[in-house]
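Thanks for coming. I will talk through one helix pair and then one pocket.

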Amino acid sequence: MPSTAADLPAEPSFELFTPAGYARLLASPRGRAFHLSWMAHAEEADEGVFDRLLARVDVPELNRMVAIHANDEKRHAALLRRCAARVGVAPEPVPPELHYIEQLRRMSGGGDLEAVFANGHWSIMQIFAMLQVVEERGVRQFPMVAAALRPVDSESADVVTAIIRDEQRHVGYARAISRRYAPDPASLEQVLGLCREVEARAFAENERAYLRFAVEHELLVST
């Protein structure tokens, strides 16, 4: 049965990106198709950042990591879109207010790519510090997604589980590259702290916007 705003508890507010929230979202075919499509959108929303990184990361071993990471993101997006298509329900288009990576970039002052890359090695450190934080978020959230998918779509659950292993590897890549381009460990730790603050705000705002969208479009099953 579709959910309505009245089905959601007012206090404390319902949290969507939790095991219980994912269960309600992914048990619904429309919710499942949309969320898999939303994940695919986030995987491929690099807007040319990886191409620029490939041209600037000048250590061959680290450059190979960037290339593998970029290819993984494209592959993940394709896999997730196939999962969404297999649901058999056309997903709602992902609206601008749910473009998580774009929102994160705006909140961190990175709307202009030229400005993002303006500071040489410092810029590379900042970018990979943020990539590390974003990948860590995926490592925390995706197991909940896989668990909620398992009872209703085991094939998609397997896909997400495989993606988790890649995301764990990406965390290692981001750490290695940010350390290589950091002027010193203290600067990197400071930047990582700022990235975590920005990402936490973006994640919370995205969750609230996603919940509003899910209720308005009846993507949740009732409890």
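In helix H7, residues Trp122, Met125, Gln126, Ala129, Met130, Gln132, Val133, Glu136, Arg137 and Gln141 meet Ser187, Leu188, Val191, Leu192, Cys195, Arg196, Val198, Glu199, Ala200 and Phe203 of H9. Contact here is heavy atoms within 4.5 Å, and helices are DSSP runs (H or I, at least four residues) numbered from the N terminus. By class, the residues of this contact are 12 nonpolar, four polar and four charged. Ala, Val, Leu, Ile, Met, Phe, Trp, Tyr, Cys and Pro count as nonpolar, Asp, Glu, Lys and Arg as charged, and the others, Gly among them, as polar.

This is a predicted model, where local features need pLDDT of at least 70, side-chain atom pairs count only at pLDDT 80 or more, and totals for chains, interfaces and linings use all residues. Residues are numbered from 1 along each chain as its sequence is written, and side-chain values use heavy atoms, with hydrogens and water left out.

Now the geometry. H7 spans residues 120-149 and H9 residues 185-216; their axes, lines fitted to C-alpha atoms over the stretch in contact, come within 9 Å and cross at roughly 50°. The two helices are therefore oblique, as angles under 35 degrees count as roughly parallel, over 145 as roughly antiparallel, 65 to 115 as roughly perpendicular and the rest as oblique.

Next, the pocket. The largest pocket (an open set of points on a 1 Å grid where a 1.4 Å probe fits, with protein on both sides within 12 Å along at least five of seven lines; lining residues have an atom within 4 Å of a point) holds about 1,000 Å³ of space. Its lining has 43 residues, and the closest to the centre are Ile101, Leu104, Met130, Leu131 and Val134. H7 gives the largest share of that lining, 13 residues.

Note on methods: Axes fitted to C-alpha atoms, helices over the stretch in contact; angles between N-to-C directions. Points joined across faces, edges and corners; volume = space filled by probe spheres on them.
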